[in-house]
Each structure stands twice: as C-alpha cells, then as structure tokens.
Amino acid sequence: MHPPGHEPDSAIPANLPFVGTSAYRVFFPVEEESWHWIPPHQRAWFASADEAQAAGYRAAPASIEGLEEFDLIGEIGRGATSTVYRARDRMLDREVAIKVVHPSHHQDEETLARCHREARVVARLQHPGIVSVYAVHRLPSRGLALVMEHIPGRTLRDVIQEQGP
C-alpha cells in the first residue's frame, strides 16, 4: 500500500536499475520495495551505483530487522550506546528519527531498561523543545528502537564543533 500521490510508476526505465530521490540524495536498487515512496517528480534514474554516486547520491542504508515499515534515509548521529537514523514512515508518510541501541548492548539489560525508561519519560512530556516519542519497538535481535519525531536542522554535535562547548 502506497500513500496517495506516491504510487509507483508502472514503467521503470529500461537499463536503469537504480533510482534516487532528489530530496534526500540517496539511491536504491530498483528490485527493492523501499524506493516506491519517492514521489515521481523527485525520482532520478541511474544505470549503475557508480553513476549515482558520481551525481552526488549515496546508497540508502540497509533496513533493520523489525523496522521494515520504515525506509532508512541516513544516519543522523552515533553515540556510545545507540545510533540515530533519519527514516521515512511508509504508512504515515512522514519523516521520523529512529534511535537503535547498538547490538553490543542487546544483552545488557541495564542499558535496554534505561532506554525504555527514557522513552516512557519523554513520551509523557509535551514541549516545543522536546521531540515526541511515537513508539518503542523490541527488535528480533533483542535490541530496542525508539521511533521519534524528526526535527530537521543541525545536530548538537555540529553546534559544539562550530561554536565550542
């Protein structure tokens, strides 16, 4: 099922097995389902991955088992216990941020419990300066993922690097 206005075109251009989105500058192999959300006016077709990269596009990240309803667009940041990805929620047709606990912490019940507590606390808060938590997913790998509001802009790391602490 595709959101209105994002239905896939029935004809894929011949000999162009890669499609990119001009909005995010990422590309996908055509045989994957994950590119169908790209609006037709934002699609760029390529004969090879090398051609897409030469045009300034980067390969879309692989999906994460247990989060197949999201298309990963790119990595936002990485910390000691987790990585945050920019993603597209296919069903709700919106961008989200997904914080995924690193596999090295999947057996660490204390870290998983702390992340789950963080999600519950933040989900109760409503303030323009705090991102909303939409969902918590327990992954088949025993990991944890927090699906949150995505707010475009610079990261705190970027600000600190540019302006200092």
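The following paragraphs lead from the overall layout of the chain to its aromatic rings and then to a single loop residue.

The model is predicted. Its chain of 165 residues has 37% of them buried. The secondary structure consists of three helices and nine strands, and their order along the sequence is β-β-β-α-β-β-β-β-α-β-β-α. Read in that order, three strands precede the opening helix, four strands follow it, and after the next helix two strands lead to the helix that ends the pattern.

The overall dimensions can be given through the C-alpha atoms, which occupy a box of roughly 50 × 40 × 30 Å along the principal axes. Within the chain, consider the contacts whose partners have a separation of 6 or more: 46% of these join residues 24 or more positions apart. Towards the outside, the chain exposes about 9600 Å², and carbon and sulfur atoms contribute 53% of that area. As for charge, the chain carries 17 positive and 22 negative charges, and the mean positions of the two sets lie 8 Å from each other.

The aromatic rings come next. Three aromatic pairs are found when the whole structure is searched. One of them is formed by Trp 35 and Trp 45, with 5.5 Å between the centres and 75° between the planes. The arrangement is edge-to-face, because planes over 60 degrees apart are classed in that way. This pair links distant parts of the chain, 10 residues apart: Trp 35 belongs to the loop between strand E2 (26-29) and strand E3 (43-46), whereas Trp 45 belongs to strand E3. Trp 35 has a relative accessibility of 1% and therefore counts as buried, the limit for that class being under 20%.

Rings also meet charged side chains in this model. The charged end of Arg 25 is placed over the ring of Tyr 57, at 4.1 Å from the ring centre. A further case involves Arg 94, which lies over the face of Tyr 134 at a distance of 3.8 Å from the centre of the ring.

Finally, the path reaches Thr 155, a residue in the loop between strand E9 (144-149) and helix H3 (156-163). Is Thr 155 buried or partly exposed? Its relative accessible area is 24%, so Thr 155 is partly exposed; the partly exposed class lies between the limits of 20% and 50%. In space, the C-alpha atom of Thr 155 is separated by 19 Å from that of Glu 118, a residue 37 positions away along the chain.

Technical notes
Residues are numbered from 1 along each chain as its sequence is written. This is a predicted model: local features need pLDDT of at least 70, side-chain atom pairs count only at pLDDT 80 or more; totals for chains, interfaces and linings use all residues. Side-chain values use heavy atoms; hydrogens and water are left out. Buried means under 20% relative accessible area, exposed over 50%, partly exposed in between (1.4 Å probe, protein chains only). Rings of Phe, Tyr and Trp (its six-membered ring) pair if their centres lie within 6.5 Å; planes under 30 degrees apart count as stacked, over 60 as edge-to-face and the rest as tilted. A charge sits over a ring if NZ of Lys or CZ of Arg is within 6 Å of the ring centre and within 35 degrees of the ring normal. Contact means heavy atoms within 4.5 Å. Accessible areas come from the Shrake-Rupley method with a 1.4 Å probe; for residues, only the protein chains shown count as cover. Lys and Arg count as positive and Asp and Glu as negative; His and the chain ends are not counted. The place of a charge is taken as NZ of Lys, CZ of Arg, CG of Asp or CD of Glu.
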